[in-house]
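Student: I should like to work through a structure step by step, with the reasoning behind each answer. May we begin?

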Protein chains: 2
Amino acid sequence: MAVYVSMMRTRSQDVTEILRGWILDGTVPAGERLEEVPLAERLGVSRTPLRAALTLLATERLLDYQPKRGYVVRRFGADDVFAAYEVRASIEGLACRLAATNGVPDDVAATLRACLAEGDRILSGGALAPGDLQPYQAMNERFHDAIISLSGNPWVERFVRQTHAIPFVSGRVILWHDYGVIRRSHDDHHRILAALVARDPARAEDLMREHVYFAGLFLRDNFDRVQAKPGEEPARSDPQEERPR
Amino acid sequence: MAVYVSMMRTRSQDVTEILRGWILDGTVPAGERLEEVPLAERLGVSRTPLRAALTLLATERLLDYQPKRGYVVRRFGADDVFAAYEVRASIEGLACRLAATNGVPDDVAATLRACLAEGDRILSGGALAPGDLQPYQAMNERFHDAIISLSGNPWVERFVRQTHAIPFVSGRVILWHDYGVIRRSHDDHHRILAALVARDPARAEDLMREHVYFAGLFLRDNFDRVQAKPGEEPARSDPQEERPR
DNA sequence: GGGTCCGAACTTGGATACATGATGCCGCCA
DNA sequence: TGGCGGCATCATGTATCCAAGTTCGGACCC
């Protein structure tokens, strides 16, 4: 007996995704007040589903909310973003440790090795071509997502996903100008997989923590650079958070 | 010109808190379907604020939601709860490390020392009196909250708060039957504060991680005990549980 | 002239009415 | 008798309407 999962999509969900996208890619600038009626008209829906979306995004802390005073797009500074990376480093480190403890099934190992191979190919030229940014981002996200799934801890997955829903913390934003940094980062990937298959939880955790933490450091020190070019944001792969894996 | 912070409380917020309480303390049993109209009548409000509360609790993952099929109180098993403790241990460990790095202001140190003193007093008798559970819980929460605030990392605060909003993970639930375990746990508190004032980040992190992690282990191994506590018969394994609706 | 008080317009919160998809019963047919 | 299909019922999703709080401007008072 098959269990049917409703494919139904409500307007609220659609509106939520659209709005989240607008916030993350800067279409709606930080600090802007979101008034219900104009927004609803702009989105072509009534206030009801829009309000559901707003409450949801407020619980995700993408919006600030005060009763009777409405919603404001939250402003994220370099310190906020770095703080998020600290947390992400900690949780993904945990994920990596758990994954090493649990072991890596063959099919996942194959996926991870494919990620490594693709990264090697992209970086083999010795320089960063702009057109390679998007595939590298996608590869990077696949790699990290696979490890998070391996942790087998649903809360890890949930929290990491929440950190990804913070502007500039998402794996979609990668500073693509320093070959050496990217090279090193991908080298981390190699060592992380090695630690995973060797069932070395402590090493796997340490590597992942530093891997993510350094990304946060680097982003903080180059924060003006990434803020300046929101046009660099390429087509996001669908940000819907509910996607089961 | 004074800046007024609206003290306004909306019905949605009230309903959210009430419902969250009902879920956390078992008034609404896990697995139960929450129908909007009956619930709204029971709460004395219309469907609108209730629906806002439901969407919020669903984003907190306290409820499962499927479009057109409504909300169901999520069921948390021992493994879910333990997994939450793993994450909480990691994040509170981070919080403790950051707090040790930042240093402890005198007023906070005084608060923490007061917590230690109260715990010492409660435990001085050499046994656990039922009437002492509530003050000990409150003290425990104050202690942990103070350290989390010291971290200065807003995301840490947010995520830890989220783990506290999981049934059985909340600091409100403490197994109060084994004097030795509580005694040791409070001894951890002493050492943690010592590490904080000594500005020893590594030791502070390790202590807090183990402190929380062991609480998770202990809770998992005594899970039936805490589940039976709300006065309900332990959730009988319901063979029809899988039936969608 | 500046500050305060008042009120009107606007915005958000809540209630109700209507639309739409899910569920389950019942009868029909093989 | 058992399975399948259609229709009735009901719960949820959305729109609209009403209530209540906030904001802002202007007039009045000091």
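The exchange below treats a predicted model, taking the fold, two helices, two residues and the contact between the chains in turn.

Student: Which pattern of helices and strands does chain A follow along the sequence?

Tutor: As the model is predicted, the answer describes computed coordinates. The secondary structure of chain A comes to 10 helices and three strands. Read along the sequence, these elements give the pattern α-β-α-α-β-β-α-α-α-α-α-α-α.

Student: What percentage of the residues in chain A is buried?

Tutor: A residue counts as buried when its relative accessible area is under 20%. Chain A has 245 residues, and the buried share of them is 49%.

Student: Among contacts in chain A with a separation of 6 or more, what share joins residues 24 or more positions apart?

Tutor: The count leaves out pairs in chain A with a separation below 6. Of the contacts that remain, those between residues 24 or more positions apart make up 77%.

Student: Which residues of chain B does B:Leu112 contact, leaving aside its neighbours within four places in sequence?

Tutor: B:Leu112 is one of the residues with the most contacts inside the largest nonpolar core, which has 109 residues. B:Ile147 and B:Leu196 are also among those residues. Both appear in the list of contacts of B:Leu112, which reads B:Val104, B:Phe143, B:Ala146, B:Ile147, B:Leu193 and B:Leu196.

Student: Is B:Ser151 buried or exposed?

Tutor: B:Ser151 lies in helix α6 of chain B, residues 133–151. Leaving aside neighbours within four places in sequence, B:Ser151 is in contact with B:Ala95, B:Leu98, B:Ala99, B:Asn102 and B:Val156. Because its relative accessible area is 5%, B:Ser151 is buried.

Student: Which elements of chain B are included in what covers the buried residues of α1(B)?

Tutor: Helix α1 of chain B, residues 11–24, reaches 20 Å from its first C-alpha to its last, close to the 20 Å expected. Its buried residues are B:Val15, B:Thr16, B:Leu19, B:Trp22, B:Ile23 and B:Leu24. What covers them includes, in chain B, α2, α3, β2 and β3.

Student: Which residue with a positive phi follows α3(A)?

Tutor: Helix α3 of chain A covers residues 47–59. At its start, a side-chain oxygen of A:Ser46 comes within 3.2 Å of the backbone nitrogen of A:Thr48. After the helix, the residue with a positive phi, near 70°, is A:Arg61.

Student: What area is buried between chain A and chain B?

Tutor: The size of an interface is often given as the accessible area lost when the parts come together. Here 41 residues of chain A are in contact with 39 residues of chain B. Carbon and sulfur atoms give 59% of the area buried between chain A and chain B, which is about 3,500 Å².

Student: Which three residues supply more of the area that chain A buries against chain B than any other three?

Tutor: Together, the three supply 19% of the area that chain A buries against chain B. They are A:Trp155, A:Arg158 and A:Phe159.

Student: Which element supplies the largest share of the side of chain A that touches chain B?

Tutor: Between chain A and chain B there are two salt bridges, and the side chains of B:Glu205 and A:Arg209 meet in a salt bridge at 3.5 Å, N to O. On the side of chain A that touches chain B, α3, β2, α4, α7 and α9 each supply at least two residues. The largest share, 10 residues, comes from α4(A).

Key: Residues are numbered from 1 along each chain as its sequence is written. Chains are lettered from A and ligands numbered from 1 in the order in which they are written. This is a predicted model: local features need pLDDT of at least 70, side-chain atom pairs count only at pLDDT 80 or more; totals for chains, interfaces and linings use all residues. Side-chain values use heavy atoms; hydrogens and water are left out. A nonpolar core is a set of buried Ala, Val, Leu, Ile, Met, Phe, Trp, Tyr and Cys residues joined through side-chain atoms within 4.5 Å. Buried means under 20% relative accessible area, exposed over 50%, partly exposed in between (1.4 Å probe, protein chains only). Contact means heavy atoms within 4.5 Å. Helices (H or I, at least four residues) and strands (E, at least two) are DSSP runs, numbered from the N terminus. The expected span of a helix is 1.5 Å times one less than its number of residues. A polar contact is a pair of N or O atoms within 3.5 Å; within protein, one must be able to donate a hydrogen and the other to accept it, and residues adjacent in sequence count only if both atoms are side-chain atoms. Buried area is the accessible area (1.4 Å probe) that two parts lose on being put together, summed over both. A salt bridge is a side-chain nitrogen of Lys or Arg within 4 Å of a carboxyl oxygen of Asp or Glu.
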